[in-house]
Amino acid sequence: MDRIKNHPILGESPEGKLVNFTYDGKTLQGYEGEPIAAALRVNGIMIHRYTAKRHEPRGVFCAIGRCTDCVMIVDGQPNVRTCITPLREGMKVQTQDGVKPLDVE
């Protein structure tokens, strides 16, 4: 899958430094600072989580951090909205089952 390098509204997308990260144990590459979801998409990954009750696949829906369809486990933390979380070298990204309840303190 190709990256959008020149968007008709957003303009040119500068390429950052190429970094390695893992997705469900597989090493992939993306550009530092781009949303995790964008790096996954370029690598052909469209499913980010499965629903708890029906085990239905979910991926990017709103792409602005308002829904929970793109949440994944990132570096051991569940419910990370991958559409707005910047990619860093060495991140460990995992498919999530359901949406995990957040601990309330």
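Strands β7 and β8 pair in the antiparallel sense, over three bridges. The model is a predicted one. Two topics follow from that pair: the hairpin with D75, and the strand residue N79. A separate three-stranded sheet order, β6-β5-β10, closes the briefing.

**The β7–β8 hairpin**
- β7 covers 71-74, and β8 covers residues 77-81.
- Two residues lie between the strands of this hairpin.
- Across the pair, V74 stands opposite Q77 in β8.

**D75, in the loop**
- D75 sits in the loop between β7 and β8.
- D75 is not a glycine, yet its phi is positive, at about 50 degrees.
- That positive phi belongs to the hairpin of β7 and β8.
- D75 has a relative accessible area of 40%. The range for partly exposed runs between 20% and 50%, so D75 counts as partly exposed.

**N79, in strand β8**
- N79 has its place in strand β8.
- N79 also has a positive phi, of about 65 degrees, although it is not a glycine.
- The relative accessibility of N79 is 13%. Buried means under 20%, so N79 counts as buried.
- The side chain of N79 makes a polar contact with the side chain of Q96, at 2.8 Å.

**The β6-β5-β10 sheet**
- Three strands form this open sheet, and their order is β6-β5-β10.
- The edge strands are β6 (57-58) and β10 (96-97), each of which pairs on one side only.
- The pairing in the sheet is mixed.
- β5 takes in residues 49-50, and two bridges join β5 to β6 in the antiparallel sense.
- Within that pairing, Y50 stands opposite P57 in β6.

**Points to locate in the structure**
- For the hairpin, find V74 opposite Q77, then D75 in the loop.
- For N79, start in strand β8 and follow the 2.8 Å contact to the side chain of Q96.
- For the open sheet, start at the edge strand β6 and find P57 opposite Y50.

Technical notes: Residues are numbered from 1 along each chain as its sequence is written. This is a predicted model: local features need pLDDT of at least 70, side-chain atom pairs count only at pLDDT 80 or more; totals for chains, interfaces and linings use all residues. Side-chain values use heavy atoms; hydrogens and water are left out. Two strands pair if DSSP finds at least two bridges between them. Helices (H or I, at least four residues) and strands (E, at least two) are DSSP runs, numbered from the N terminus. Buried means under 20% relative accessible area, exposed over 50%, partly exposed in between (1.4 Å probe, protein chains only). A polar contact is a pair of N or O atoms within 3.5 Å; within protein, one must be able to donate a hydrogen and the other to accept it, and residues adjacent in sequence count only if both atoms are side-chain atoms.
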